[in-house]
Amino acid sequence: MKSVMLNRRMGRSRFSVFDTLNITALLALMVVTLYPFVNMAAVSLNQAVDTTLGSNFIWPRKFTLYNYKVILKDSIIYHAFMISVLRTVVGTFTSVFCTAMLAYTLSRKEYILRSPISMIFVFTMYFSGGLIPVFMLIKSLGLTNSFWVYIIPGLVSAFNLIIMRSFIDGLPEDLVESAKIDGANDFTVFIRVVLPLCMPAIATVSLFVAVGQWNSWIDTFLYNSANSNLSTLQYELLKKIQSANLSIGGSATSAFLNQQNAQANMVTPVSMRAAITMLATVPILLVYPFLQKYFIKGMTLGGVKE
């Protein structure tokens, strides 16, 4: 009896020590993860000249919105923001829908070409044609200086296809057979049976595609740089950073030499980069809490098979 009680006490002690170490490690990880983002937000809301005195802080010492005013005073930023939102919404919807349809097709055992087509998509994950062949292909298709260059090339991703197909393979086959017995064709089965059951995987893929669409700027630079009406937010913010580095010479200390009497109305490359980072990150970051539950479930069920 005494030995049993002693073992229970030792078990509780070990469990308590483990909890303490686990919580400490997770708190340290949280601090390391959050500090760069909090520091960037503080720098973006702090006077530029004061930031040059030391940027290692988590709260703005001299609060100001001037860094954001300098960026947002250009009207093209608002138009570029709308283009980025439009390409993110349209690109995410079309990509997820096309990927899901292809994944359902490749999951059907009666489809004789499922293995060759799957191998072709896997091959593209390891080998690509390169920048020049892709550019020539986009140009030959007439997609340059067009909004659809943001949508069509990214309709199907091999990685997202694997996630979606793995999830669909885990669905009960009896549901599909029952629907076909009732007279439903493949498209009806996909829309009314498979698609509603794939919401966790759809949320996961949607998050991947949305983040990629929102952060993309290289396609704007390559294909639509000559058309300002199709410029995206990321590309315009990139130009802002480049212009700030050129106009201020890339030196934060030059602010002291040139404008000592106008410290409040001054920007530096550091403050510009911080404000631009926040403008580019916060909108897409707000989407994640709404998809977090489905994202975790989709990654788990899509990657682990019974």
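**From helix α11 to the chain as a whole**

Asp219 lies in helix α11, which spans residues 218–223. The structure is a predicted model, and this residue offers a convenient point of entry. With a relative accessibility of 11%, Asp219 is classed as buried, because the cut-off for that class is under 20%.

The side chain of Asp219 takes part in polar contacts. One of them, at 2.8 Å, links the side chain of Asp219 to that of Arg87. Another, at 3.1 Å, links the side chains of Asp219 and Ser216. When residues up to four places away in sequence are set aside, Asp219 touches Arg87, Tyr150 and Asn224. Arg87 thus appears both as a polar partner of the Asp219 side chain and in this list of contacts.

The next residue to consider is Trp217, found in the loop between α10 and α11. Its relative accessibility is 36%, and Trp217 therefore counts as partly exposed, whereas Asp219 in α11 is buried. Apart from neighbours within four places in sequence, Trp217 is in contact with Gln234, Tyr235 and Leu238. For one of these partners, Tyr235, the separation of C-alpha atoms from Trp217 is 5.1 Å, although the two residues stand 18 residues apart along the chain.

On the other side of this loop is α10, a helix of residues 199–215, and its contact with α9 can be described in some detail. Helix α9 comprises residues 186–197, and its axis comes within 5 Å of the axis of α10. The two axes cross at roughly 70 degrees; since angles of 65 to 115 degrees count as roughly perpendicular, α9 and α10 are assigned to that class. The residues that meet are Leu195, Pro196 and Leu197 from α9, and Met199, Pro200 and Ile202 from α10. By class, this contact consists of six nonpolar residues, with no polar and no charged ones.

These local features belong to a protein chain that has 15 helices and zero strands. The chain has 306 residues, of which 36% count as buried, Asp219 being one that falls in this class. Among contacts in the protein chain with a separation of 6 or more, 72% are between residues 24 or more positions apart. The accessible surface of the chain amounts to about 18,600 Å², and carbon and sulfur atoms account for 68% of that area.

Conventions: Residues are numbered from 1 along each chain as its sequence is written. This is a predicted model: local features need pLDDT of at least 70, side-chain atom pairs count only at pLDDT 80 or more; totals for chains, interfaces and linings use all residues. Side-chain values use heavy atoms; hydrogens and water are left out. Axes are lines fitted to C-alpha atoms, for helices over the stretch in contact, and angles run from 0 to 180 degrees between N-to-C directions. Helices (H or I, at least four residues) and strands (E, at least two) are DSSP runs, numbered from the N terminus. Angles under 35 degrees count as roughly parallel, over 145 as roughly antiparallel, 65 to 115 as roughly perpendicular and the rest as oblique. Contact means heavy atoms within 4.5 Å. Ala, Val, Leu, Ile, Met, Phe, Trp, Tyr, Cys and Pro count as nonpolar, Asp, Glu, Lys and Arg as charged, and the others, Gly among them, as polar. Buried means under 20% relative accessible area, exposed over 50%, partly exposed in between (1.4 Å probe, protein chains only). A polar contact is a pair of N or O atoms within 3.5 Å; within protein, one must be able to donate a hydrogen and the other to accept it, and residues adjacent in sequence count only if both atoms are side-chain atoms. Accessible areas come from the Shrake-Rupley method with a 1.4 Å probe; for residues, only the protein chains shown count as cover.
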